Amino acid sequence: MRALILGGTTEAAALARALTDVEVVTSLAGRTSRPAALPGRVRIGGFGGAQGLAEYLETEGIETLIDATHPFAARISANAAEAVRLRPTPRLMLVRPEWTPQPGDRWTTVPDIPAAADAVPKGARAFLAIGRQELAPFAGRADAWFLIRSVEPPDRPLPPNHAVVTARGPFRVEDEAALLAEHRIDVLVAKNSGGDDAKLAAARRLGVPVVLVKRPPLPEGERVDTVAEAVAWLDGLR
Ligand code: NAP
């Protein structure tokens, strides 16, 4: 069987590794300059919308599509749903579970990134752990200081008062707590991505409040939240 995995996540890589008896093609958007090594074929770059993805499924003879993209990558997931309507192909979404609050958490949940930028208090020292591509809403916040962490150097515009750390997870809770303390962070801004929760655990430990961005809605369709369930679903197709 030939499967296309829409990737860019830890789960997508784990699924590609788990599918030893399937011909796997992993698709990456090309956002990171040095993606981690993956088994099977890797193709990089956009397809040209849902129509382009449907054409790719057809020309490559793809028999199943697993959308294992990040829960905040809403456009590609919508495109995948539309592509399999245009070129009928079994599609599964592999989506890691959301984080839920634990005792001691001080979360303010906001609907999107602009709302997160509004939620940072005046004069705050905020840790922006939301990636590098959606920082523009913070650019006008000259009344606060920001520690920006991303895998690649951040896109401009950026807020005037900031420091940048480039780093790739997974992170350890101890190191996250040390980072919060070193920069005297008084609010953490994060997306509810799920998965590695070291920064949230560190904030909980230090009593640091969190502005947490809610996930965008997912398209309709079959969905699992673990790699093992995705493997079982693929086995069920054969
Ligand atoms: P997005 O806004 O949903 O997608 C924008 C466009 O990028 C899509 O329309 C598509 O272009 C292209 N694209 C996205 N993912 C692709 C993939 N896996 N393979 C080929 N083309 C892809 O996506 P995004 O939020 O920028 O995320 C891009 C990638 O980074 C995804 O693979 C995602 O899993 C990963 N990622 C995202 C986040 C996040 O917070 N958003 C975090 C970690 C990893 P065309 O329309 O031309 O096909």
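Me: What makes the crossing of α2 and α3 right-handed?
Reply: In this predicted model, α2 passes α3 in a right-handed crossing. The term is used because the near helix is turned clockwise from the far one by less than a right angle.

Me: Why are α2 and α3 called oblique to each other?
Reply: The axes of helix α2 (residues 49-59) and helix α3 (residues 74-86) cross at roughly 55 degrees. Angles under 35 degrees would count as roughly parallel, and 65 to 115 as roughly perpendicular. The value of roughly 55 degrees fits neither class, so α2 and α3 are oblique. Their axes come within 8 Å.

Me: How do you know which residues of α2 and α3 meet?
Reply: Heavy atoms within 4.5 Å count as a contact. By that test Gly49, Ala50, Gln51, Leu53, Ala54 and Leu57 of α2 meet Asn79, Ala80, Glu82, Ala83, Val84 and Leu86 of α3. By class, this contact has 8 nonpolar, 3 polar and 1 charged residues.

Me: Why are α5 and α6 called oblique to each other?
Reply: Helix α5 (residues 173-182) and helix α6 (residues 198-206) pack at an angle of about 60 degrees. The roughly perpendicular class runs from 65 to 115, and the roughly parallel one lies under 35 degrees. An angle of about 60 degrees falls outside both, and α5 and α6 are therefore oblique. Their axes are 8 Å apart, and the crossing is right-handed.

Me: Which residues of α5 and α6 meet?
Reply: From α5 come Val173, Glu174, Glu176, Ala177, Leu180 and Ala181, and from α6 come Ala198, Lys199, Ala201, Ala202, Ala203, Arg205 and Leu206. The residues of this contact divide into 9 nonpolar, no polar and 4 charged.

Me: Why are α1 and α7 called oblique to each other?
Reply: The axes of helix α1 (residues 10-18) and helix α7 (residues 227-237) cross at roughly 45 degrees and come within 10 Å. Roughly parallel would need an angle under 35 degrees, and roughly perpendicular one of 65 to 115. The angle of roughly 45 degrees meets neither condition, so α1 and α7 are oblique. The contact is made by Glu11, Ala14, Leu15 and Ala18 of α1 with Val227, Ala230 and Val231 of α7. These residues divide into 6 nonpolar, no polar and 1 charged. As for handedness, α1 passes α7 in a right-handed crossing.

Me: How is the chain divided into domains?
Reply: Domain 1 takes 2-97 + 216-236, and domain 2 takes 107-213. The C-alpha centres of the two domains lie 28 Å apart.

Me: How do you know what domain 1 and domain 2 bury between them?
Reply: The accessible area that both parts lose on being put together is summed. For domain 1 and domain 2 the area buried is about 800 Å², with 46% of that area from carbon and sulfur atoms. In the contact, 10 residues of domain 1 touch 11 residues of domain 2.

Me: What makes the peptide bond from Arg156 to Pro157 cis?
Reply: The omega of this bond is near 0 degrees, and the bond is cis. Pro157 is found in the loop between β8 (145-150) and β9 (162-166). A cis peptide bond also joins Gly169 and Pro170, with omega about 0 degrees. Pro170 is found in the loop between β9 and α5.

Me: Why is a positive phi pointed out?
Reply: Most residues other than glycine have a negative phi. Arg184, a residue other than glycine, has a phi near 50 degrees, a positive value. Arg184 lies in the loop between α5 and β10 (187-191).

Terms used
Residues numbered from 1 in each chain as written. Predicted model: local features only at pLDDT ≥ 70, side-chain atom pairs only at ≥ 80, totals over all residues. Heavy atoms only, no water. Axes fitted to C-alpha atoms, helices over the stretch in contact; angles between N-to-C directions. Helix = DSSP H or I, 4+ residues; strand = E, 2+ residues; numbered from the N terminus. Parallel < 35°, antiparallel > 145°, perpendicular 65-115°, else oblique. Nonpolar A, V, L, I, M, F, W, Y, C, P; charged D, E, K, R; others polar. Domains from an automatic or database assignment. Buried area = accessible area lost by both parts, 1.4 Å probe.
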